[in-house]
Structure formats: C-alpha cells, structure tokens
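Trainee: I have a structure I'd like to understand better, and I'd be grateful for a close look at a single part of it. Could you start with one spot in the backbone and then work outward from there?

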Amino acid sequence: MDDFIAARSQMALSLGFHIIFSCIGMVMPFFMAVSHYKWLKTNDEVYKNLTKAWSKGVAIFFATGAVSGTMLSFELGLLWPKFMDHAGPIFGMPFSLEGTAFFIEAIALGFFLYGWNKLNKWFHWFTGMVVGVSGLASGILVVAANAWMNSPAGFDFVNGKYLNIDPIQAMFNRAWFSQALHMCLAAFTATGFAVAGVHALMILRNRNAAFHLKAFKIAAVFACIAALLQPLSGDISAKDVAKRQPAKLAAMEALYQTEKPAPLLIGGIVNEKDKTVKGAIKIPGALSFLAHGDFKAEVKGLDQIPENEHPPVAVTHYAFQIMVGIGTLLLLVSLTYFFILFKKKPLTEKRWLLKLFVFAIPLGYIALEAGWVVTEVGRQPWIIYGIMRTKDAVTPMPGIAYSFYIFSAIYVSLSIIVTFLLYRQIKMVPVLYNKPETK
Amino acid sequence: MKDVVITFLCMAILLYFLLGGADFGAGIIELFTSTKNRSKTRKTMYQAIGPVWEANHMWLIIAIVILFVGFPFIYTTMSVYLHIPLAIMLIGIIARGTAFVFRHYDAVKDDMQWLYNRIFRYSSFVTALFLGIIAGSLISGHIDPLATDFYTAYISGWLNWFSVAVGFFTVALCGFLAAIYLIGETNEYHDKRRFIKKAEFMNVAAVVFGAMVFIAAQRDKIPLIDWVFKSTVGLSAIILASLSLVLLWYLLIKGKTKVLRILAGFQVTMILLAISYAHFPNFIRLKSGNAVSLLETAGPEKTIYSLGLALLLGSVLILPFLGYLFYKFQKKEE
C-alpha cells in the first residue's frame, strides 16, 4: 500500500470512528437531561432508571470518544506534519477553546456519573446539562476548524508564506456556520434515530415496555425535529458550497459540463474515464435552483476547473446521493411519526411504525458518514482548499501502511467490544431495573 | 503572553505527569499485586480514580493543543521523529482508557473481566514506559532531522539507553504516585498496609532506576550530571527531593496519608524541575548539538495572544469546577 493512501485511509478511519462516538457523547446527555428532569418532577422511578441506564451507555461512548479524540490530536501531526506546521497557528483557536469545552465536559461527567445521592439533586441535573452543552460546543468548534480547511481565512498567502495570521478571523471563516449547523442537526438525527430504534425493537419484543416506551418517545422527538430541520440546513450548505467550492459541488452532482440551467441528477453510474453518468434521473433546472436559488442559473461544471484540481467524482457523487436519500427517508418517517402523535394513537398499536424505526437504526449514521465523505473527499486534492495539496502534507516517514493495519485492527476490535457491551446493557435491563410496573 | 502560554504548557505537562501518572500507576500497581488481593485493589482504585478519571487525561490534550497551536515546529518535529513511540503510547492510551471503563460498565461480570484486566494492566505499564521514553528522547540529543536512513531518523532517536532508562524510571514514579494516592483512599487497616508496602517497593524501584538513568546518561554521553549538579536550581531541587524522601519514609511508617500525597507530588515535581531546568527554554535537543527552543519557535504574536487568552479564560472556568470535583469525591477519613 502506498504511504500516502495509507495515511489518508488511516485518517479517514480514525475520523469515521471518532465521529460516531463524539456524536453520541454530544446528543445523549440531552436525552438524559430530559429523562432526569422528568424523574425529578414526577418521581416516576422509570425515568430515574432510564437516566441511569442511558448514563452507562454515555460513559462507555464518552470514554471511547475521548481516547479516539486524543488519538486524533496526535494523528494530525503523525500523518500530516507539514500541514500542521503551517495550519496549527492559524486554525488552532477553535482547538484551544475546544480543549476547554472538552475538559469541562469531562469534569461534569465525573460529577454526573458519580453524583447520585451525593450532590444536591438540581446541581446534579445541572452537571448533566453541562455535559451536553459543552459537548455540543466542542463539536461546533471542531467543525469550525474543519470548515477552515474548506474555506481558508485569517491569513495572507504570499509567495508560499503564511502572513498576517489572525486566528479569530480563521475561526469565523465563511463555512463554519453552515457546516456546524448541518453537523449538529445530523448528530441529533443520527443518534436520535439509533436510540429510538433500539428501544422500538425492545417494545416490539415486549420487554419492559413501559421503560422502553418512555425512552423511545424522548429520543424520537429529538430525532424527528432534527430530521425535519435538516433539509433547510442542507439548503444553506449547498448554496454555500456552490459559492466557495464549485469543484466540490460539481463532483457531488457529477456535473462534468457547465450547464444553464443545470439538472439535478438522482442516482446514476459515474464513469470517471469517459466523464459521463449513465442511468440517472434528471430533474431539469433543479440543481440551478438548489445552488443559486434560481431555476435558470448557470452551474459551473468540472470542465471549468483544471484537471489536476478535480476531486474523485464517483465517490463524492455516490456519498452525496446516499446522504440525501437517507435524509429524505428520515424526513418522511418523522412526518409520519408526528402525524400519528397528532392523532393521539397509542404507539404500541402501530407496530409498523416501530418497525420503521428499527429499520432506521443505522441509517442516520450511514448518512452522517456519507456526509463527511462528501466534505472531505470533495475537498481533494486539497488539504487547505486552494492553498496546500494533501499529498504535500503527508509525513516523510515510510511504512505508514503498517500503522494503518494496526490501527484498523484496533478500531475494528473496539467497535465489536462496544457493540457487545451495549447488547449486554440492553439485555440486562430487566435484571438491573426490574420494577413492579414492568411486566 | 508568551510567558503565560509557556507557563500553562509546563503546568499541563506537570499535572499530566502527576495525575495521569497516578492513573497509569494504578494499573502498574495492579500488575504487581498478588492475585488474591487484586479484586480489593481494583475496588479501592475504582472509587479513588473513577470520578476524576476522564479529567486527569485532559491535561495531555491541553499540552498537545498548546504545542500544535503555539509551537507547531516542536509538535511536528516530535510527530515525525518520535512517530513510533508516540503511536505505541497512543495505542496504550486507547487500550487502557477503554478497558478501564469497559470492565466497570460491562453489565455481565464474566470471563470478559479477565481480558479487560489484562489489557488494563499491561497497557498501563506500556503507556507509562513510552511516555517516559518520549520525555527522555526529547533531551537525549539523539533526534536527528538530518538523518538519511530509516534507523537513525525514526528508531535511534528514542531507542537508546538513556530514553529507555527514563522510561522505566517513569514507570516506577507512576507506581509510587498511585500507591501513595491509594493509601489515603482506604480506611481498612490491611489495605493501607498493602499500599504502604507498594509505595515502599515503588520508591526503592524509582531510586534504582533513577541511578540507572545517570549511568545510561554517562554511557550515551549526556551531560545529565552537569545539568543537575552544576545549576543552583537543579541542585537545590535534587536536595529538596532527597530531603523530602527521608521525611516521606518517616511518614510512610507512621501512616500519615494526606501529607504524603503533597510530599510525593512535590518530590516528582522537583525531579522534573532538576532534569528540565538546565536546558529551559529548549524543548528538544538535536543530534547536531542545536536545540529547538520554546521561545524561538513560538507561533505568530496574534496566535500566541489569542491562545493565552483562551487558556486564561479556560482556567477560570475549569479550575474551580475541577477543584470542587476533587473535593467532593475525596475519601472522608472516618
């Protein structure tokens, strides 16, 4: 395996792994806070048990997310030293703030997990909220740093030198808001559907239905609201990308030729050699509208971008299709769910709806990973868009392939163990939290 | 602002050595505990470090963020030439961090516990060892950016007598810190005796490995003796550390716990000071005889300014909250 490809694969794997855990760490505390609040207000033991059960999941995910995040902060240098040499002082501001947010999150988690019966109950609840808020802040800050790679700002690039560095301007680059918004909603959608789906499965199997129904409702409401808002945020992102990174947009839509008006392609097989797309459904003018808010606008194709600046088209296009496809599906599930809620029909009778949620367990995360593939692969061949190429940033050390194999083995085993632990946690719910109201 | 940032960097590294080190030490102690006492040790340890577990490891993140934002040249030099030991340390951090949480949160306590325990103990040892190796390599003067062959560039920079001796010295110090910390976390007489024994054992080990570090330094032609004994600060630090050693043994035999902790922390701080003061503000000594200095490689002024501001703001939020965490979950003396 080529060292450059190995380095990219290792980075992709590490990020792909970390993203799932950090999203859960960002979102679950809010579910816990709702359940915890209901326990404090209603004295219903089920809510207390639910909060405790969820907090165990959060502890597992947080620990895994924390170590994989530590890993990443080193990996940036281990794999991309030439990038960090220049980028560190420019885009470091969000990272230094993130360090604070992450630290606060870790302290608050210590209070929350070990604070039962030891702290004032509202202070205890508050520490749980702090976990969520600082987790969310961490997520936004890290995404702001990534946004800088897509939309470099806060320095002047003169003759290969990075001058007049302004870290604050770098942090508030033009992409930070659209990316952070999209990511936060994605985190809520993905985690919400995954959690709701797992509890839906338990309701369908008739295990501790009272417990799982309460859990399902909390997670489902968060998930469905986020899924409804996500298309709006996607629209902001699309218009933003069209303006800043026309090559990425063209790759997302496999638009080889500049067109006016440009059609939206759904599906299709990309042939990168012939620069054609076969078998896609074309919606005339729709891409013009999505990118520029005008059905007749011109959309820049890859023909207007130098060949050596083209991102991999097929991967970007397929990933984009997967993300949008799943997003649409989850939007429909959410509308159905709210319709049923509105009609005040008991959920336990709507077994098909619960089955739909079970089906959706992995979907949010697949869409989320696909979205990151679009962002990252769509930015290639650049590591800092328009400034530094990824291949110029890679470490001079040979043999990165071995490092990639070792870390792949570690991440695969960790994923297996975490899944196994979660399975055991859920299996043990009747034993750990057996209360009279459960059957 | 440069001074503020460098102060924070030193503080983060020191606190990681003390707090993270005590965490590693807990695993190391478990490794050297007889099978019949292990489950007891584990229980005490969990109560002691469970609540502060995640927070202790944040110091590493703070240190590394300060390095890559404020001193990118140091960060990338380390990343390139110490790639292998850093990667091994990271594998250790991942393994022990997850094993520690998994063994506690596995809803079924069965044979898997055996696996988690093994991973936790051995990876604690490996992490501390390589943390020490990395620290030793930075001052060993074996790192060679001009190297043209793989061995000199990526192996001999850290695989040398001095770095490895510092690695084992670090392992002993971590074990020592943990044992001292754990003495105060139990009220049971036999447990206390056991941890006191461990602390004594680890302290002897630290003295032995400390001597090895000096011998290895002689062998690798590192002027460690000059650094420590020819500078006033180095010399006074080492004298204070030695004096506190006598006091420490006295208190150990008496079984005074709270003062012990402060004393042990003080001792390790003095050792770090003695070794590092002579070449401060140099951070990495290179084979060519040159050094990479914190002052000379600091990032642009605006970056350092905003980094310092972020750190100050962060510490206002973090320190009281963290202090309260430690206060709230400390073992009450009965």
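Mentor: Happy to. Let's start at Pro381(A), which sits in the loop between α12 (363–379) and β7 (382–384) of chain A. Please keep in mind that this is a predicted model. The peptide bond that joins Gln380(A) to Pro381(A) is cis, and its omega is about 5°. You will find another cis bond leading from Lys260(A) to Pro261(A), with omega near -5°. Pro261(A) also belongs to a loop, in this case the one between α8 (246–252) and β3 (264–266) of chain A.

One more backbone detail is worth a look on the way. Asn117(A) has a phi near 65°, which is a positive value in a residue other than glycine. Its place is the loop between α3 and α4 of chain A.

Those two helices lead us to the partner chain. Among the elements that touch chain B, which ones should you pick out? Before naming them, here is the overall picture: 63 residues of chain A are in contact with 57 residues of chain B. Together the two chains bury about 5,700 Å², and 81% of that lies on carbon and sulfur atoms. Phe74(A), Phe103(A) and Tyr114(A) supply 14% of the area that chain A buries against chain B, more than any other three residues.

Polar links are there too. Between chain A and chain B there are eight residue pairs in polar contact, counting pairs with both residues at pLDDT 80 or more. The count of salt bridges between these chains is two. In one salt bridge, Arg424(A) pairs with Asp106(B), and the closest N and O atoms are 2.8 Å apart. Now for the elements: α2 (45–79), α3 (81–114), α4 (121–150), α5 (167–171) and α13 (400–427) of chain A each give two or more residues to the side that touches chain B. The largest share, 22 residues, comes from α3(A). By class, this side of chain A has 45 nonpolar, 13 polar and five charged residues.

Let's zoom in on one of those helices. α13(A) packs against helix α6 (residues 83–105) of chain B at an angle of about 5°, with the axes 11 Å apart. The two helices, α13(A) and α6(B), are therefore roughly parallel to each other. On the α13(A) side the contact includes Ile400(A), Phe407(A), Leu414(A) and Leu421(A), while α6(B) brings residues including Ala87(B), Ile91(B), Ile94(B) and Phe102(B). This contact divides into 13 nonpolar, three polar and no charged residues.

Within chain B there is a helix pair with another geometry to look at. The axes of helix α4 (residues 58–70) and helix α5 (residues 72–81) of chain B come within 5 Å and cross at roughly 115°. That crossing makes α4(B) roughly perpendicular to α5(B). Among the residues in this contact are Ile64(B), Leu67(B) and Phe68(B) of α4(B), along with Ile74(B), Tyr75(B) and Met78(B) of α5(B). The contact of α4(B) with α5(B) has eight nonpolar, one polar and no charged residues.

Finally, back to charge. Side chains of opposite charge can pair when their charged atoms come close. Over all chains the count comes to twelve salt bridges. One to find on screen joins Asp44(A) and Lys214(A), whose closest N and O atoms are 3.5 Å apart. The pair links distant parts of the chain, 170 residues apart: Asp44(A) is in the loop between α1 (3–42) and α2 of chain A, and Lys214(A) is in helix α7 (residues 209–244) of chain A.

Conventions. Residues numbered from 1 in each chain as written. Chains lettered and ligands numbered in written order. Predicted model: local features only at pLDDT ≥ 70, side-chain atom pairs only at ≥ 80, totals over all residues. Heavy atoms only, no water. Axes fitted to C-alpha atoms, helices over the stretch in contact; angles between N-to-C directions. Helix = DSSP H or I, 4+ residues; strand = E, 2+ residues; numbered from the N terminus. Parallel < 35°, antiparallel > 145°, perpendicular 65-115°, else oblique. Contact = heavy atoms within 4.5 Å. Nonpolar A, V, L, I, M, F, W, Y, C, P; charged D, E, K, R; others polar. Buried area = accessible area lost by both parts, 1.4 Å probe. Salt bridge = Lys/Arg side-chain N within 4 Å of Asp/Glu carboxyl O. Polar contact = N/O pair within 3.5 Å; in protein donor to acceptor, adjacent residues only side chain to side chain.
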